[in-house]
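The following note sets out points on the structure shown below. They are numbered for ease of reference.

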Amino acid sequence: MSNQKGFSKIAIIIIILILIGGAYFVFSKDGNSLTDDWKTYTHEKTDDYSFPKKFSIKYPPNAKMEIDIEYYPSITINFQENDASCSMISPPKGVGNEGSDIENISKKIMIGSRTWEESIFKDPDVGIVFYGLSSTEIPINFDLTPNEDELYKCLPMYKKILSTIEVVQ
C-alpha cells in the first residue's frame, strides 16, 4: 500500500513538471515569431523634420506601404483587416476646423514594451474624426483610419504593427 502512495506522489510530481514545462514553452515563445514573415521598412534619413530618428517598422505581407519624401515626408501603410480598409499615416495631417466643437480625449496606453499617447478627437455630430498614437520614446506618430466602425476593426493590427517599431542606431 505504501508503494502505491509513493508512486502516486511521484506521478503527481511528474504531471506538475510536465504542465510547468509546457506552460514555459508556450509563454516564453518570442512574440516576434508572429511577425517573422512581415516586411520591414527602415527609415535611415534623420535630417527631415518629420522623422528625427532612424527607425524600422514591420508590416504584414499583404499591406501596401507608400513613402513620400518629395513634398511632405510621410509614410502610409494600407491593409485590409476584419473586412475593413485600414490606413496608418505618419506624420498625421491636421485635424478639425478652427472653432469646431471637437472633443480631444488623451490617455497613455502600453503597446508592446512602450508607452504611447492615445489621442481621440470626437465630433459630436459624426463621432471619431481622428485617432492618433504617438510616442516620446520613438519620435513617430500615426494618424489612423478616421471611420469609427473601421477603426475598432483595425485597432488590434495597428497596435501589432506599432509594437514592431525600433529605433535604429
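1. A residue is termed buried when its relative accessible area is under 20%, exposed when that area is over 50%, and partly exposed in between. By this scale Lys 107, at 47% relative accessibility, is partly exposed, because its value lies between the two limits. The model under review is predicted, and the points below should be read accordingly.

2. Overall architecture. The protein chain contains two helices and ten strands. Read from the N terminus, their order is α-β-β-β-β-β-β-β-β-β-α-β. Of its 169 residues, 34% count as buried. The accessible surface of the protein chain is about 10900 Å², and carbon and sulfur atoms contribute 55% of that area. Among contacts with a separation of 6 or more, 41% are between residues 24 or more positions apart.

3. Strands S6 and S7. These two strands run antiparallel and are joined by nine bridges. Within this pairing, Asn 104 stands opposite Phe 121 of S7. The hairpin has two residues between its strands, and Gly 112 adopts a positive phi near 65° there. S7 is largely enclosed by the rest of the structure, because seven of its ten residues are buried.

4. Salt bridge across the hairpin. How far apart are the closest N and O atoms of Lys 108 and Glu 117? The separation in this salt bridge is 3.0 Å. Lys 108 is exposed, with a relative accessibility of 62%, whereas Glu 117 is partly exposed at 24%.

5. A second bridge to a buried acid. The side chains of Lys 107 and Glu 118 also meet in a salt bridge, at 3.6 Å from N to O. This pair links distant parts of the chain: Lys 107 belongs to strand S6 (residues 103-111) and Glu 118 to strand S7 (residues 114-123), eleven residues apart. Glu 118 has a relative accessibility of 6%, so this residue counts as buried, the limit being under 20%. Its partner, Lys 107, is partly exposed at 47%.

6. The remaining bridge. The structure holds three salt bridges. Besides the pairs already described, the side chains of Glu 66 and Lys 64 meet at 3.6 Å, N to O. Lys 64 is exposed, with a relative accessible area of 52%, while Glu 66 is partly exposed at 36%. As a general matter, side chains of opposite charge can pair when their charged atoms come close.

7. Nonpolar surface on the chain. Which residues form a nonpolar patch on the surface? The patch consists of Ile 12, Ile 13, Ile 16, Leu 17 and Ile 20, with about 500 Å² of accessible area together. Leu 17 is located in helix H1 (residues 2-27). At a relative accessible area of 54%, Leu 17 counts as exposed, because the value is over 50%.

8. A buried loop residue. Is Thr 35, in the loop between H1 and strand S1, buried or exposed? Thr 35 is buried, because its relative accessible area of 4% is under 20%. The loop in question lies between H1 and strand S1 (39-43). Apart from neighbours within four places in sequence, Thr 35 is in contact with Lys 58, Lys 160 and Thr 164.

Technical notes
Residues are numbered from 1 along each chain as its sequence is written. This is a predicted model: local features need pLDDT of at least 70, side-chain atom pairs count only at pLDDT 80 or more; totals for chains, interfaces and linings use all residues. Side-chain values use heavy atoms; hydrogens and water are left out. A salt bridge is a side-chain nitrogen of Lys or Arg within 4 Å of a carboxyl oxygen of Asp or Glu. Buried means under 20% relative accessible area, exposed over 50%, partly exposed in between (1.4 Å probe, protein chains only). Helices (H or I, at least four residues) and strands (E, at least two) are DSSP runs, numbered from the N terminus. Patches are made of residues with over 30% relative accessible area and no salt bridge: like charges are joined within 9 Å, nonpolar side chains (Val, Leu, Ile, Met, Phe, Trp, Tyr) within 5 Å. Accessible areas come from the Shrake-Rupley method with a 1.4 Å probe; for residues, only the protein chains shown count as cover. Contact means heavy atoms within 4.5 Å. Two strands pair if DSSP finds at least two bridges between them.
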